[in-house]
Structure formats: C-alpha cells, structure tokens
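Reader: Hey, I'm in my first year and still learning to read structures. Could you pick one part of this model and walk me through it slowly?

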Amino acid sequence: MTAQNTELPLIGDYSTAGPVLTGARIGVVTFPGTLDDRDAARAVRLAGGEAVPLWHAEPDGAAALSSLDAVIIPGGFSYGDYLRAGAIARFAPLMDAIIAAAGGTAGNDAGLGGSAAGLPVLGICNGFQILTESHLLPGSMIKNESLKFLCQDQVLRVENNATAWTREFSAGEEITVPLKNQDGQYVADEKTLDRLEGEGLVTFRYVGGNPNGSRRDIAGITNAAGNVVGLMPHPEHAVEPGFGPDSAAGMRLGTDGLGIFTSVVASIAGGAQ
Amino acid sequence: MTTGTQNTPPADTRQFNIDTVEHAATTPDIELPWAELGLKQNEFEEVVKILGRRPTAAELAMYSVMWSEHCSYKSTKVHLRQFGEKLTEDMKKDLMVGIGENAGVTNLGDGWAVTFKIESHNSPSFVEPYQGAATGIGGIVRDIISMGARPVAVMDPLRFGAIDHEDSQRVVHGVVAGIGGYGNSLGLPNIGGETVFDPIYQGNPLVNALAVGVLRHEDLRLANASGVGNKIVLFGARTGGDGIGGASVLASESFDDTKPSKRPAVQVGDPFAEKVLIECCLELFKNSLVEGIQDLGAAGISCATSELASNGEGGMQVELTDVLLRDPTLTPGEILMSESQERMMAVVNPANVEAFEAVMATWGVEYSWLGEVTDTNRLIITWDGETIVDVDPKTVAHDGPVYDRPYHRPAGQDALEADRFRDSAAGADLPASGDALRATVLELMASPNMCDKSWITSQYDRYVGGNTALAAPDDAGVVRVDEETGLGVAVATDANGRYAFLDPYAGAQLALAESYRNVATSGAIPMAVSDCLNYGSPEDPEVMWQLAEGIRGLSDACLELGIPVTGGNVSLYNQTGANPIHPTPVVATLGKFDDVGRRTPSGFHAEADGQAVYLMGVTRDELDGSEFANLRGHLGGVPPQVDLAAEKLLGELLINASRDGMIDAAHDLSEGGLAAALSEMVLRFGVGARVSLDEIQGRDGVDAFTALFSESQARALVAVPRTEEVRFKDMTTARRFPVARIGVVDVASGALEVQDQFTLPIEELRAAWAGTMPKYFG
C-alpha cells in the first residue's frame with residue numbers, strides 16, 4: 001500500500017455525537033495481497049481514530065508498534081493464500097512484533113494468547129486466519145462447505161461485549177455486516193470449542209443460517225484477555241451510509257460494523273477494562 | 001546488462017539453431033511454417049517484400065501474431081474507422097485519450113479522469129473455463145493500469161449455451177469461479193454484468209470482461225518508447241511456455257527432442273502476482289518513474305516491443321536472452337510469442353533506474369533490463385548479441401494487412417423479418433386471462449435469462465474498496481471516485497443477440513440504447529462508450545454484413561446520443577462449423593455522478609410506501625425477439641423500434657428527477673418488458689406494489705398481455721413521492737414525454753397486484769425467480 005492520507009480533515013463539528021478526535025493511533029497492516037487495508041483505515045478514521053499504515057516488512061516492528069494503541073490485520077489474500085490462508089503471512093517479521101505486543105503465546109495450551117495489558121489486535125477474515133496461524137487464537141479455517149466464494153450481507157449476534165473490540169455493543173445485539181470469503185469455515189477440536197463456549201470467548205455467531213459450515217455457528221472469537229479478536233465477516237464494509245449493506249433505513253445504509261472500531265477507540269480512551 | 005536476478009541458463013539449454021538476420025539473408029529458400037502460424041500466402045509475401053528478404057523464425061513469429069485478426073483488426077479496420085469519423089467537437093471535449101491506446105480516458109473534472117474498456121476472452125474460456133475467464137480479468141485490468149490508472153471495479157457480461165445442456169455445467173461453474181477467483185484476489189469489486197443462456201452460444205460461450213480505473217490527470221501514461229537512451233525493462237511474472245499460439249511448429253524447428261512438445265494454449269493466471277503488480281505500478285506512476293508503459297497481453301513481447309517502438313519517435317534495441325524465464329528451454333520465437341500473464345514492459349529514464357529498482361524490491365517483483373530506446377527507427381532484437389529481428393516496428397504493429405472483406409445481406413434475411421411472432425404458430429393462443437397472465441409472469445421470471453443471478457454475483461466481492469454505491473442487480477454499477485466530493489461513475493453493459501440477429505444495425509443501436517438507459521436510470525450522465533463486438537467468421541459474407549451493419553449502427557447511434565466510443569475489442573470467428581453465434585455487440589456505457597450519494601435504487605424500498613408508480617414512455621405491440629417469444633421458441637420478425645431521441649429525453653428526465661429528488665426508485669424496461677421490471681422492483685427489497693394497466697391500454701391501444709410483455713424501448717418505471725408528483729408531472733409535460741401513473745408502492749400488500757388481473761405474493765414470485773440457478777448449478 002502506498003502511503004495514505006491518514007489525517008482527518010479538520011472541518012465539521014465534533015463536539016456532539018459522531019467522530020471524536022481521540023488521538024487513538026491504530027495500525028493497519030498491509031501484506032502483499034492484502035485487499036481491505038484501505039477499508040479498514042477508513043473505518044478507523046470514521047470511528048474517530050488515526051489510521052497508521054503498517055508495512056509487513058517494517059524493519060523494526062517493535063518500534064513501529066510502540067507508538068500505536070491497537071492493530072488491525074485486514075482481509076485479503078496475503079501471499080495469494082499460497083500453502084494455506086495466512087500460513088505465510090504468519091512468518092512476516094512484523095507478526096512476531098504483533099504477537100509479542102499482544103501479550104505473546106507462551107504457556108497457552110489452546111493457543112489463547114495475549115494479555116489484558118497487551119495491544120488490542122483485530123484480525124478480519126484473512127487477518128483472523130493469520131491470528132489462528134500465529135496461535136494468538138485457537139482453531140483454524142478451512143474451505144466453505146459450499147466450496148465456493150460467498151459474498152452476502154450477514155446477520156451476526158454479538159455474544160461477548162467485554163472485549164476491546166465489542167464494548168460499544170450490547171450483549172445479544174444483532175448486527176448486519178458483509179461476509180465474503182472462500183476459506184471461512186471455522187474449525188477446532190471439541191475440547192477447544194467447549195472451552196471457547198464455556199469461557200464466553202465466542203464473540204460473534206452467525207444468525208439466520210450458517211453460511212460456511214463453521215463449527216457452532218462461530219463467526220468470531222476472542223482470547224481470554226479480550227484484547228485479541230478474530231472475525232470472519234467484514235465490519236469495515238459497514239461503516240459509511242451509502243456504501244454498506246442494505247438496512248431497514250434504506251439501500252446500503254447499514255453501518256453496524258462501525259461499533260467494532262468505536263469500541264476500540266473507546267477502549268483506548270478509557271484504558272483497559 | 002543488469003538483471004533483477006541471476007538469469008544465465010546452463011549453456012546446454014541454448015542449443016538452438018538460431019536463425020539470425022544474417023542467416024536469413026543468405027538462405028532465402030528455407031521453407032518457413034507461415035501457414036501453420038496463421039499467415040496467408042499474400043501476407044507472407046508482403047512480409048518478404050517489407051524486409052527485402054525472408055523473415056527469420058523470430059520475425060515470422062512476430063508478424064504472424066501481430067498480423068492476426070485479434071491483434072491487427074485487419075477485417076474490421078475499414079469499418080471501425082467510423083467510430084473516429086462520426087465524432088463532433090462536443091463529443092471530443094471530455095475525451096482525453098481515444099481509440100487506439102490500451103484504453104480510452106475520459107475527463108471527470110476536478111483533476112480526475114476515468115478509463116474503462118471491455119474485452120473478450122471467449123475461446124480460452126470455452127477451452128479452459130476457469131483460467132480463460134480468470135486471465136480475461138487479468139488482461140483487461142493490465143490495460144487499465146497501463147494508462148496510469150488505479151483499477152477500481154470490474155464487470156462481466158456472460159453468454160452461455162442452454163442452461164440444461166450438460167456442458168454448461170463445466171463452463172458456467174468454471175467461468176464464474178475463474179472470474180471470482182481472480183477478481184476477488186485483486187481487491188476489485190465486481191459491480192455488475194449480465195448473464196444470458198441461449199443454445200446459439202453452446203460451443204462459443206462469450207466471456208467479456210470490463211474494467212474501470214481512475215487516475216489524476218497528471219498520472220496519465222501512454223504506450224510509447226521515447227527518449228533515446230531510455231531503458232526498456234520487463235517486470236512482473238517470468239516468461240513461460242503458456243499461451244503460445246503456434247508452439248508446436250516452432251518447437252519442431254529447434255530440433256530439440258528434450259523440450260516439452262505440448263504447451264497449454266490457454267494462459268494460466270496468478271492473481272497474487274497481478275495484485276502486487278498493480279500496487280507496484282501505482283507506486284511507479286506516483287513517483288513518475290516510467291516514461292511509457294505497456295502491458296503484455298496477446299502476442300506478449302512481440303506486441304509490447306513493436307507497439308512501444310512504433311508509438312515512439314525512434315527505435316528500440318532489445319537483448320532477448322535477458323528475459324527472465326520459467327522454462328529455460330524456450331526458443332527466441334517462443335519467448336516473443338508467449339502470453340504468460342502478469343507482465344509489464346516500461347520505458348525508464350536512466351536517472352530513475354535506481355528508484356525503479358527500489359520499488360521493485362519493495363513489492364518483491366522480478367524485473368530485467370532488456371535494452372534501450374534508439375534513434376534507428378528499427379526494432380532490433382538480439383539473442384546473445386546476434387541479431388534475430390531487424391524490422392520497422394510500424395510494419396509489425398500498425399501497418400499490417402487491411403481487408404475490405406466482401407459482405408452481403410443474408411439470403412434468408414427477408415424471410416426472417418417476415419416471420420412475425422404474432423403471425424406464427426408460437427404466437428397463437430396468447431395468455432389473456434388474469435390466471436394465465438399470472439402464470440406467465442412466474443414462468444418468465446423463473447426463465448434462465450430473467451431469473452435471479454445472485455448464484456453468480458454472490459461469488460464475487462462487491463464490497464472491497466468501500467466505494468461501491470450500486471452493484472448487481474441494480475441497473476448500473478456505481479463506484480465513488482473521490483471520497484471528499486462523492487464524484488463517481490456508473491457503468492452498465494448490455495446486448496441482445498436476438499435483436500441483433502433480426503436486424504444487426506438496429507440491434508447494435510438497441511444495445512447502446514439499453515446501456516445508456518441503465519446508466520441514466522441510476523442517475524448518472526452518460527459520457528463514453530466501450531464496445532466488445534462478438535461475431536462469427538468475417539470470411540462468411542453474411543456474418544461480415546452483420547458486423548458491418550453493427551458497427552455502422554453503433555457509430556450512428558453514438559453520434560446521435562452524443563457520446564464517443566473510447567475503445568473496445570472485436571472478437572471474431574465465434575462459430576461452430578458453419579453456424580455463427582447471434583451477432584452480439586456488447587456495449588458498455590459509462591456515466592458520471594457529481595455525487596454518487598444521489599444514485600437511484602432500482603427497487604421499491606419500504607421507505608417508499610405509498611409513493612406513486614409511474615411508467616415513462618410508450619408501449620407498442622413489440623414482441624418479435626422478446627423474452628416471451630423466446631420462451632415460446634420463436635425468433636423472427638423485427639426488433640423493437642429504435643428511438644434515440646426518446647432515449648435521450650428519457651435519460652435527461654431520469655437524471656434531473658434523481659438530482660432534484662423527485663424519484664426514490666427507478667428501473668428501466670428491457671427484456672421481459674413491464675412484467676419483468678415490476679417484478680424486479682418488487683423483489684429488490686421485498687416491497688409490494690399495486691398497479692393498473694388501464695391507462696396504458698387505453699392510451700397506447702394495447703391489450704393487457706402486450707402491456708406486460710412487449711419490449712418497447714425508451715421506457716422506465718419510477719417511484720415518485722406524493723409531495724413531488726406535481727413537479728414530476730410538470731417536468732414531463734413540459735418536455736412532452738408521455739408518462740402514466742399506473743399505481744402505488746404498497747408495503748402491506750406483500751404482493752405484486754395487477755388490478756383486475758392477478759395478485760402475486762412476493763414470496764411466491766421470489767421462490768420461482770430464485771430457484772432456477774440453484775436448480776441447475778447447485
């Protein structure tokens with residue numbers, strides 16, 4: 001990705017509801033083959049944060065992350081999904097820095113890495129795949145049950161609103177965001193699935209039909225600390241009226257995804273929960 | 001010579017009998033395989049005349065591919081000329097780059113420009129549907145990048161054989177997965193297209209691909225090699241043996257038994273390589289590191305070197321052993337002809353070489369410096385220092401053969417025109433009762449051509465980029481160009497092969513009329529046209545007549561509507577044996593929005609409850625070539641009347657109504673007529689409507705059946721808020737455009753109700769409409 005203009009235009013009235021200049025600096029990672037980086041950056045800006053481009057080959061990842069308050073690993077086909085979705089990106093030097101900043105994976109038998117004091121990290125779609133490959137989150141993604149790429153507006157239930165990325169939602173709230181993937185079927189062994197359910201780590205669940213065969217209708221999960229979240233559908237495509245999914249208010253007016261980004265901005269502003 | 005990576009193949013792989021220019025001059029009588037490479041005798045003789053000697057094997061390879069129909073337009077040049085001749089000053093005012101470059105460029109204002117082009121990838125998609133369709137996307141996207149633009153959207157007009165033919169399983173699954181697999185991986189939203197099923201395309205499916213790109217005026221790049229001493233660089237994927245036209249012929253020339261004898265004629269795509277190439281090129285443009293750029297598509301290095309040199313002022317010198325190869329056994333001729341994907345060639349000022357290499361390193365893209373621009377006016381290609389090509393590049397790229405092929409009106413055309421649907425056996429016993437009309441609407445909406453195509457479009461990413469304001473199934477695809485102002489573009493593609501079969505001249509005009517209408521219906525102002533002319537063999541005088549008539553019709557219509565053709569593509573020889581496809585001129589119209597926020601939805605939203613539904617335009621008894629006639633197995637007569645003045649006026653009214661907030665929904669009438677348009681508007685958001693046909697029947701003198709299924713042109717349906725009705729009526733009255741208030745949007749009804757005829761619950765309609773594609777394709 002070429003450098004983005006990440007500054008908010010200093011116009012408009014930010015004193016009331018709406019975007020607030022919070023000073024939250026949120027990194028958006030670009031690997032070769034990343035596709036939704038510009039969308040994720042736009043979502044951060046619309047949520048009142050500052051989006052900071054993060055290049056996968058950043059020579060000093062730890063230094064780059066030190067000035068950031070959160071990181072988003074966006075969707076796409078990093079390294080062409082060669083070998084397996086996320087399998088190569090996981091070995092980018094920047095990922096080591098992200099894993100460390102999120103709290104590491106040491107001592108986690110089920111891959112539930114991270115720590116409460118760790119950097120908030122969100123992986124969307126291919127980003128989620130990279131997080132499971134990195135063992136920050138457990139489980140894995142295989143091809144959709146239909147074996148086809150599927151793009152549709154998808155209803156999700158927010159099961160856990162205690163994470164850094166979901167605190168602006170109410171528990172049980174249903175939101176509509178676009179889903180688009182080829183390898184979106186979430187799988188894990190029964191023990192891991194039971195643990196995710198038992199500890200309330202299932203963060204988003206598909207409602208109104210399981211689009212890809214994911215175990216227990218899981219669309220997104222978090223780690224125990226709540227700073228790392230992986231999500232298969234795309235909240236960054238539902239942040240701006242006119243360009244999101246259809247909603248009750250009208251065509252393409254859906255902005256349910258914005259809550260993910262305002263949540264992390266609020267988490268940053270309000271400190272750890 | 002510097003290369004991006006080490007590329008010295010082992011010595012034993014270079015044991016070719018290199019046919020140098022020197023060798024050619026001294027061996028005039030060596031038999032050359034020009035016929036196998038597709039050259040005609042007169043063409044080969046012309047090459048010998050131009051060179052003053054026999055061509056070398058490498059030169060023969062270049063001339064044969066560059067003089068092919070696909071690259072040279074030799075059968076259509078004399079006709080395509082009309083697109084350039086029928087241009088007014090007004091049509092040229094926003095045209096920054098016209099026909100002849102990789103893609104046309106249109107000024108959007110505010111320093112922005114848009115480039116778009118449609119191309120065919122028909123034959124490869126039949127042979128190998130997945131890769132054929134995938135590389136179709138790849139090729140058109142590289143055309144867009146070549147102009148200095150960021151690609152922002154793709155579209156795919158598709159035509160398949162019969163839906164229930166067993167081979168359609170292979171072709172449909174493969175093509176759709178290929179388009180999705182490649183396009184989705186590039187991060188380009190797929191915003192529309194069309195899908196038609198007709199047995200006429202059984203052995204010749206049409207896979208057309210359109211791409212749209214946007215650029216700042218200062219980023220515009222052209223394909224020319226200028227500036228003596230500037231460096232020539234080839235970058236992107238390595239060159240392999242895929243896509244070589246006459247590979248077996250050339251391979252047999254090398255007398256080398258160790259090399260693979262069969263190579264795929266269809267190119268293999270790697271979308272990841274293309275995505276990286278896109279970002280890499282955009283960074284080159286942003287930093288002004290290339291003087292000229294050309295993508296490698298058909299005819300590969302032959303095309304890129306000869307076109308760059310021919311468009312420039314001087315000549316070019318290239319060392320072919322510096323090309324990075326996937327297969328070190330390739331001969332010079334094969335390297336020149338290879339159509340390996342994801343490659344670009346650029347002209348770089350020596351001062352920028354280091355910066356260029358830094359960009360390549362950032363994106364991990366391989367490159368090799370092949371040579372430089374010279375002042376010799378010759379394209380000279382060497383192999384290990386020995387000259388194997390020494391030609392005037394213009395004779396290869398631009399001054400190829402031109403044929404004014406004979407054509408005549410088909411002997412059966414009069415009989416075809418006389419075979420009116422109403423008078424045919426198929427036209428007897430037309431549905432008249434409410435129940436029969438209801439059943440016919442269900443049958444129509446479940447038919448292969450009218451049914452829900454979300455089985456296809458849900459395999460494409462329409463969201464990526466965050467700028468998609470409208471996508472299939474809306475009338476046009478709409479993308480935002482400028483996030484600050486909302487400036488954006490709309491694109492729609494259309495063609496009706498049945499209409500064009502009945503009347504090739506009118507058929508091409510009707511294709512333009514519909515795409516123009518679709519763009520205007522979305523609320524955008526039509527600005528430019530790109531066309532993909534899919535026809536049979538030009539060597540058949542009757543097909544040639546269809547083609548000549550199509551080009552004449554389209555160019556006349558563009559002149560009348562005042563929008564220029566900015567580029568496109570001709571695809572010929574789409575026929576199986578002596579049976580050509582229907583002439584299928586796919587026309588893409590591009591329109592402009594000052595603010596995409598005012599695009600008009602194509603269906604009734606619940607928010608539009610109680611709004612008045614108006615039918616704009618006049619309904620005539622026009623069923624020849626219609627979807628209804630098609631359902632009854634009839635094709636004859638004359639297509640609907642073309643009325644471009646009415647189309648233009650309708651367009652202006654729709655655009656004004658959208659801009660001034662007079663309408664909350666609009667949908668054009670085309671295939672399937674009013675019945676299809678109403679059904680689609682109701683299905684879009686699942687909101688019903690109550691309409692009456694009385695006023696149309698009375699005013700236009702047609703019966704209920706004709707009112708519902710006639711395909712008269714220049715019509716649209718709109719939903720008008722109560723508060724806007726007076727203004728809307730005043731506007732249409734002042735412009736003398738006929739409108740009829742036929743009903744209201746009715747959320748509570750949950751149905752499409754045609755008063756005194758039938759009531760069709762939306763869920764029943766949806767089940768019929770949505771069930772067809774999954775029934776055949778799973």
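Author: Let's take a close look at one sheet in chain B and the core around it, then finish with a spot in chain A. Keep in mind that this is a predicted model.

Start with the sheet. Seven strands of chain B make an open sheet, and if you walk across it you meet them in the order β8-β10-β7-β11-β9-β12-β13, with mixed pairing. At the edges sit β8 (292–295) and β13 (386–391) of chain B, each pairing on one side only. From one strand to the next, the twist averages 20°.

Now zoom in on a pair of those strands. Strand β7 (residues 231–236) of chain B runs antiparallel to β11 (residues 367–374) of chain B, and five bridges join them. If you want a place to put your finger, try B:K231, which stands opposite B:E372 in β11(B).

Helices lie across this sheet too. Helix α3 (residues 57–66) of chain B lies across β12 (379–383) and β13 of chain B, at about 35° to β13(B). Helix α8 (residues 129–146) of chain B lies across β8 and β10 (343–348) of chain B, and runs at about 175° to β8(B).

Next, look at B:V233. Leaving out residues up to four places away in sequence, B:V233 touches B:M345, B:A346, B:V348, B:F356, B:Y367, B:W369 and B:L370. B:V233 is also among the residues with the most contacts inside the largest nonpolar core, which has 331 residues; A:V71, B:V491 and B:V718 are the others named there. Domain 1 (18–75 + 230–238 + 247–397) and domain 2 (438–451 + 600–778) of chain B both contribute residues to this core, so it lies between them. As a rule of thumb, nonpolar side chains in soluble globular proteins tend to be buried together.

Last stop: chain A. An unreviewed UniProt entry marks A:C125, A:H234 and A:E236 as "active site". They span 112 residues in sequence, but no two of their C-alpha atoms are more than 10.9 Å apart, so they gather at one spot. A:C125 lies in the loop between β4 (121–124) and α4 (126–133) of chain A. A:C125 counts as buried because it has 29 C-beta neighbours inside 10 Å. Not counting residues up to four places away in sequence, A:C125 touches A:G75, A:N181, A:M232 and A:H234. As for A:E236, look in the loop between β11 (228–231) and α6 (258–270) of chain A. A:E236 has 34 C-beta neighbours inside 10 Å, so it counts as buried.

Notes
Residues are numbered from 1 along each chain as its sequence is written. Chains are lettered from A and ligands numbered from 1 in the order in which they are written. This is a predicted model: local features need pLDDT of at least 70, side-chain atom pairs count only at pLDDT 80 or more; totals for chains, interfaces and linings use all residues. A nonpolar core is a set of buried Ala, Val, Leu, Ile, Met, Phe, Trp, Tyr and Cys residues joined through C-beta atoms within 7 Å. A residue is buried if 20 or more other C-beta atoms lie within 10 Å of its own, exposed if 12 or fewer, and partly exposed in between; C-beta atoms are placed from the backbone. Domain bounds come from an automatic or database domain assignment. Two residues are in contact if their C-beta atoms, placed from the backbone, lie within 7 Å. Two strands pair if DSSP finds at least two bridges between them. Helices (H or I, at least four residues) and strands (E, at least two) are DSSP runs, numbered from the N terminus. Axes are lines fitted to C-alpha atoms, for helices over the stretch in contact, and angles run from 0 to 180 degrees between N-to-C directions. UniProt positions are given in the numbering used here, feature names are shortened, and annotations may be inferred rather than shown by experiment.
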